[in-house]
Amino acid sequence: MRAIGIILAGGNSSRMKELTRNRAAAALPIAGAYRSIDFALSSMSNSHINKVAVITQYNSKSLTEHLNSSKWWDFGRKQGGLFVFTPTQTQGNNYWYRGTADAIAQNVDFLKTSHEPYVIIANGDCVYKMNMNKLLEYHIEKNADITIVTKDLGEVDDPSRFGVVSVDPSGMITEFEEKPLVTSKTLVSTGIYVVRRRQLIEMIERAGAEDGFDLVKDIFIRYKGLKKIYSYPMDSYWSNITTVDSYYKTNMDFLDKDIRRYFFNEYPAVMSKIDDLPPAKFNAGSNVKNSLIASGCIINGEVSNSLLFKEVYVGNNSVIRNSIILNDVYIGDNAYIENCIVESHDTISANANYTGTPDNINIILEKNDRYVL
């Protein structure tokens, strides 16, 4: 293969509030049966990038458990494979990762001992499918130093979530501003990059010598006038999960049959770790409309316009509307939940009432009485 992969999965997003209290953003559950990192891993595997490093740091326990076997993404092979790197104290370094560039710098031996000429870097908290071979071909055709995958959002979103760019008619990036407070631009960086391996090593080491620790601010933006940096437009679904609202909206997008078909039925597949669970069970008296129900669920009440992840129990006469119920949640009888996200392993007592609004999604965290000793 002509490229190796690096997935940056160590960041913490304070905008995710309680959802990242006990997990990394890359480990957030998506669409009933996936984690957000599955989409980057699957895109690389399906593109025959056979050697991939995942760099973790913040709250990495659930993420490393999810990645404990590489076979799910077809990385269990003699040549290449899946590598998980965590911060390590050495004689010459006792720092945690101080930024995305520093995270790569502390694992630069992975680059130096590889032989592939190119590196594809991706964030672990985005939902998409992508043929990275076409991206690499574009990069080579343009004779680019750096290629950044971009997405036109069509409208001005919260610009402080993204890097925003401008391009000339040839596709070369002329302006690049990371997470501005105000902008009228709608073309954003998706956090997917292609760089020649030897050039990346050189830029990483130079930035580190000058205390530059951020891949975008201290390398890509700094070299904008010196290197040929091109934009590769993405025209398919892409979503970045950096806020509670974006997480809620991304999951709710999977209630759209066209988006479900794109991710679940169209080639190539999105792969994930498989749990051996029975199919969902809908008991007499249950009523489910326009919802995504994962394996292991038992439904006795009403569920509409909602996503229920694995092993959720819904009690008699309970009502769930416009909500996301994460893994292993027990909901007692006669409960009412609307416009909410219920955290994993929660126990919702009988007759409970939790209501948010479309503009203010309520995150529910309850004491888990099922496991009290």
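# Briefing: strands, helices and aromatic contacts in a predicted model

His 115 is found in the loop between helix H4 (108-112) and S6; helices (H or I, at least four residues) and strands (E, at least two) are DSSP runs, numbered from the N terminus. The model is predicted, so local features need pLDDT of at least 70 and side-chain atom pairs count only at pLDDT 80 or more, while totals for chains, interfaces and linings use all residues. Residues are numbered from 1 along each chain as its sequence is written, and side-chain values use heavy atoms, with hydrogens and water left out.

**His 115 and strand S6**

- With a relative accessible area of 71%, His 115 is exposed; buried means under 20% relative accessible area, exposed over 50% and partly exposed in between (1.4 Å probe, protein chains only).
- His 115 and Arg 2 are 8.7 Å apart in space, C-alpha to C-alpha, and 113 residues apart in sequence.
- Strand S6 (residues 118-123) is mostly covered, with 5 of its 6 residues buried.
- S6 runs parallel to strand S1 (residues 3-9), and 6 bridges join them; two strands pair if DSSP finds at least two bridges between them.
- S6 also pairs with strand S11 (residues 187-196), in the antiparallel sense, over 5 bridges.
- Tyr 118 of S6 stands opposite Ala 3 and also opposite Arg 196 in S11.

**Open sheets**

- One open sheet has 5 strands in the order S14-S17-S20-S23-S26, with parallel pairing.
- Its edges are strand S14 (281-282) and strand S26 (347-348), each with a single partner strand, so one side of each is left without a neighbour in the sheet.
- Within this order, strand S20 (residues 313-314) and strand S23 (residues 330-331) pair in the parallel sense over 2 bridges, and Val 314 stands opposite Ile 331 in S23.
- Another open sheet of 5 strands follows the order S16-S19-S22-S25-S28, and the pairing is parallel.
- Strand S16 (292-293) and strand S28 (362-364) are the edge strands here, and each pairs on one side only.
- Strand S25 (residues 340-342) is joined to S28 by 3 bridges, with Asn 362 in S28 as the bridge partner of Cys 340.
- H8 lies across strand S19 (307-308), strand S22 (324-325), S25 and S28, and runs at about 90° to S25. Contact means heavy atoms within 4.5 Å; axes are lines fitted to C-alpha atoms, for helices over the stretch in contact, and angles run from 0 to 180 degrees between N-to-C directions.

**Aromatic rings and charges over rings**

- The structure holds 14 aromatic pairs. Rings of Phe, Tyr and Trp (its six-membered ring) pair if their centres lie within 6.5 Å; planes under 30 degrees apart count as stacked, over 60 as edge-to-face and the rest as tilted.
- Phe 254 and Phe 264 form a stacked pair, because their ring centres are 5.8 Å apart and their planes are at 25°.
- This pair links distant parts of the chain, 10 residues apart: Phe 254 is in the loop between helix H8 (244-253) and helix H9 (257-265), and Phe 264 is in helix H9.
- Phe 254 is buried at 0% relative accessibility, whereas Phe 264 is partly exposed at 31%.
- Tyr 34, Phe 39, Tyr 237, Phe 254, Tyr 262, Phe 263 and Phe 264 form one aromatic cluster.
- Lys 129 lies over the face of Tyr 262, at 4.7 Å from the ring centre; a charge sits over a ring if NZ of Lys or CZ of Arg is within 6 Å of the ring centre and within 35 degrees of the ring normal.
- The charged end of Lys 71 sits over the ring of Trp 72, 4.6 Å from its centre.

**Helices H1 and H6**

- Helix H1 (residues 37-46) is largely enclosed by the rest of the structure, because 9 of its 10 residues are buried.
- The buried residues of H1 include Phe 39, which also belongs to the aromatic cluster.
- Helix H6 (residues 197-209) has 13 residues, which should span 18 Å at 1.5 Å a residue, and its end C-alpha atoms are 19 Å apart, which agrees. The expected span of a helix is 1.5 Å times one less than its number of residues.
- Among the buried residues of H6 are Arg 197, Gln 199 and Met 203.

**Backbone exceptions**

- Most residues other than glycine have a negative phi, and most peptide bonds are trans.
- His 48, just after H1, takes a positive phi of about 65°, and Asp 211, just after H6, takes one of about 55°.
- Asn 59, in the loop between strand S4 (51-56) and helix H2 (61-66), has a positive phi of about 45° and is partly exposed at 28% relative accessibility.
- Asn 334, in the loop between S23 and strand S24 (336-338), has a positive phi of about 60° and is partly exposed, with a relative accessible area of 40%.
- The peptide bond from Tyr 267 to Pro 268 is cis, with omega near 0°; Pro 268 is in the loop between H9 and S14.
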